Amino acid sequence: MTTARTLPTLPSWAAGTEITGAALAQMVTYQAFWANPPSFRIEQHSAQNIPTGTATQVTCETLIHDSDGGVAAGTPFSYTVPFSGVWDFDGAASVAVNATGWRAPAIYTNGAPFNGAQPIFAPPTATFQGLAVAKGVVCVAGDVIALYMQQSSGSTLATSTTAQQYSWLAGTMRSFGSP
């Protein structure tokens with residue numbers, strides 16, 4: 001598992017001050033951090049049952065990438081934010097076909113749905129994959145992000161194990177401070 005990088009400091013100096021090698025090194029470190037900002041993607045490759053009427057965390061057990069070691073190594077495979085700042089999260093939950101009820105994938109922060117990141121979809125006539133998006137989320141280091149799915153078909157639905165319809169969760173840090 002990768003560990004979080006050292007948080008860089010934006011270099012600054014007063015007008016007319018000579019630029020030193022240390023200041024240039026600090027600038028290079030800062031630019032390298034933002035050339036590859038903290039990011040992750042996890043997918044679910046094993047089927048999971050999603051009961052009707054209950055918001056259930058989708059266990060994305062397959063690590064695709066994790067730049068700073070935030071993905072939990074075991075169940076429930078959530079993401080712990082390594083750096084405070086503004087983040088963008090996206091995810092998609094897939095379940096088997098059932099033409100009854102609604103489907104609601106969601107991005108959760110610290111065990112609660114993020115405002116606006118739980119769309120509700122009409123009953124599908126084919127395998128369903130619904131996208132949930134949470135942009136501009138102000139996080140503090142240690143916040144836990146997860147993908148959830150809720151459905152109202154009246155029966156338990158299995159998540160999809162088809163390669164083009166895996167459930168997944170991803171995120172990227174956008175800035176250090178709140179806007």
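**Figure 1. β6 and β12 pair in the antiparallel sense, joined over 7 bridges.** This view, like the others here, comes from a predicted model. Look across the pairing and you will find Gly 91 standing opposite Leu 169 in β12. These two strands also belong to a wider sheet, shown next.

**Figure 2. Five strands make an open sheet with antiparallel pairing.** Reading across the sheet, the order is β4-β1-β12-β6-β9. Which strands stand at the edges? They are β4 (62-66) and β9, and each has a single partner strand, so one side of each is left without a neighbour in the sheet. On average, neighbouring strands of this sheet are turned by 10° against each other, direction ignored.

**Figure 3. A salt bridge joins the side chains of Asp 88 and Arg 174.** Here the N to O distance is 2.8 Å. The pair links distant parts of the chain, with Asp 88 in strand β6 (residues 85-95) and Arg 174 in strand β12 (residues 167-175), 86 residues apart. How do the two partners sit relative to the surface? Asp 88 counts as buried, at 12% relative accessibility, while Arg 174 counts as partly exposed at 47%.

**Figure 4. Lys 135 and Asp 90 form a salt bridge.** Their closest N and O atoms are 3.3 Å apart. This contact, too, links distant parts of the chain: Lys 135 is in strand β9 (residues 128-139) and Asp 90 in strand β6, with their positions 45 residues apart in the numbering. Lys 135 is partly exposed, its relative accessible area being 47%. Asp 90, in contrast, is buried, with a value of 18%.

**Figure 5. Glu 43 meets Arg 41 in a salt bridge.** The closest N and O atoms of this pair are 3.1 Å apart. Is Glu 43 buried or exposed? At 13% relative accessibility, Glu 43 counts as buried. Its partner Arg 41 is partly exposed, with a relative accessible area of 24%. If you are keeping a tally, the model has 4 salt bridges, among them the Glu 43 and Arg 41 pair.

**Figure 6. Trp 13, Ile 19 and Leu 24 form a nonpolar patch on the surface.** Together these side chains offer about 270 Å² of accessible area. Where does Trp 13 lie? Trp 13 is in the segment before α1 (21-35). With a relative accessible area of 35%, Trp 13 is partly exposed, and patch members need over 30%, so Trp 13 clears that cut-off.

Terms used:
Residues numbered from 1 in each chain as written. Predicted model: local features only at pLDDT ≥ 70, side-chain atom pairs only at ≥ 80, totals over all residues. Heavy atoms only, no water. Patch = residues over 30% accessible without salt bridge, like charges linked within 9 Å, V, L, I, M, F, W, Y side chains within 5 Å. Areas by Shrake-Rupley, 256 points an atom, 1.4 Å probe, with all protein chains shown as cover. Helix = DSSP H or I, 4+ residues; strand = E, 2+ residues; numbered from the N terminus. Buried < 20%, exposed > 50% of the residue type's maximum accessible area, 1.4 Å probe, protein only. Pairing = 2+ DSSP bridges. Axes fitted to C-alpha atoms, helices over the stretch in contact; angles between N-to-C directions.
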